[in-house]
Amino acid sequence: MVDANVPEKYWTGKGCNIWRNSDMKHYTCNHTTGTREKLSPMLNDKNTTGFATAWSYIGDDPHLMFARTGSY
């Protein structure tokens with residue numbers, strides 16, 4: 001889960017990816033649940049680690065917000 005602590009009314013949730021460290025294969029989160037959550041297909045990370053990234057505009061601010069989890 002990527003959480004940037006942005007109030008829901010400002011979060012536009014543009015996109016996210018799930019990454020595998022061993023070969024940098026990734027899947028795009030293309031399913032929205034109706035909340036701030038976005039889901040991706042499962043990425044087999046057996047014997048390796050992976051991380052998630054997300055990006056969004058914050059309200060009407062023209063700046064792009066980017067967040068990344070640690071590798072797990």
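The following exchange goes through a predicted model and asks how its descriptions are reached.

Me: What makes up the fold of the protein chain, in terms of helices and strands?
Reply: In this predicted model the protein chain holds zero helices and six strands, and read along the sequence it follows the pattern β-β-β-β-β-β. Of its 72 residues, 25% count as buried, and residues 24 or more positions apart account for 49% of the contacts with a separation of 6 or more.

Me: How do you know which strands are the edge strands of the open sheet?
Reply: Four strands form this sheet in the order 2-1-5-6, with antiparallel pairing. Strand 2 (26-28) and strand 6 each pair on one side only, and these are the edge strands. Neighbouring strands of the sheet are turned by 15° against each other on average, direction ignored.

Me: Why do strand 1 and strand 2 count as paired?
Reply: Two strands pair if at least two bridges are found between them, and three bridges join strand 1 to strand 2, which run antiparallel, so the condition is met. Within this region Asn-17 stands opposite Thr-28 in strand 2.

Me: Why do strand 5 and strand 6 count as paired?
Reply: The requirement is again at least two bridges, and strand 5 (residues 50-57) and strand 6 pair in the antiparallel sense over five bridges, so they count as a pair. Here Ser-56 has Met-65 in strand 6 as its bridge partner.

Me: What makes the side chains of strand 6 alternate?
Reply: In strand 6 (residues 64-68), Met-65 and Ala-67 point to one face and are buried, whereas Leu-64, Phe-66 and Arg-68 point to the other face and are not buried.

Me: Why is the aromatic pair of Trp-19 and Phe-51 called stacked?
Reply: By the rule for aromatic pairs, the count comes to one. In that pair, Trp-19 and Phe-51 lie 5.9 Å centre to centre, with 5° between the planes. Ring centres must lie within 6.5 Å for a pair, and planes under 30 degrees apart count as stacked; both conditions hold, and therefore the pair is called stacked. Trp-19 lies in strand 1 (residues 15-20) and Phe-51 in strand 5, so the pair ties together parts that are 32 residues apart in sequence.

Me: Is Phe-51 buried or exposed, and how do you know?
Reply: Buried means under 20% relative accessible area, and because Phe-51 has 8% relative accessibility, it counts as buried.

Me: How do you know where the charged end of Arg-68 sits?
Reply: The charged end of Arg-68 is placed over the ring of Phe-51, 3.6 Å from the centre of that ring, where the distance limit for such an arrangement is 6 Å.

Me: What makes the phi of Met-24 and of Asn-47 worth a remark?
Reply: Most residues other than glycine have a negative phi. Met-24, although not a glycine, has a positive phi of about 60°, and Asn-47, also not a glycine, has a positive phi of about 65°. Met-24 is found in the loop between strand 1 and strand 2, while Asn-47 is found in the loop between strand 4 (38-39) and strand 5.

Me: Why do Ser-22, Met-24 and Asn-47 receive the exposure labels they have?
Reply: Exposed means over 50% relative accessible area, and partly exposed lies between 20% and 50%. Ser-22, in the loop between strand 1 and strand 2, has 53% and therefore counts as exposed; Asn-47, at 76%, counts as exposed; and Met-24, at 40%, counts as partly exposed.

Key: Residues numbered from 1 in each chain as written. Predicted model: local features only at pLDDT ≥ 70, side-chain atom pairs only at ≥ 80, totals over all residues. Heavy atoms only, no water. Buried < 20%, exposed > 50% of the residue type's maximum accessible area, 1.4 Å probe, protein only. Helix = DSSP H or I, 4+ residues; strand = E, 2+ residues; numbered from the N terminus. Contact = heavy atoms within 4.5 Å. Phe/Tyr/Trp six-rings, centres within 6.5 Å; stacked < 30°, edge-to-face > 60°. Lys NZ or Arg CZ within 6 Å of the ring centre and 35° of its normal. Axes fitted to C-alpha atoms, helices over the stretch in contact; angles between N-to-C directions.
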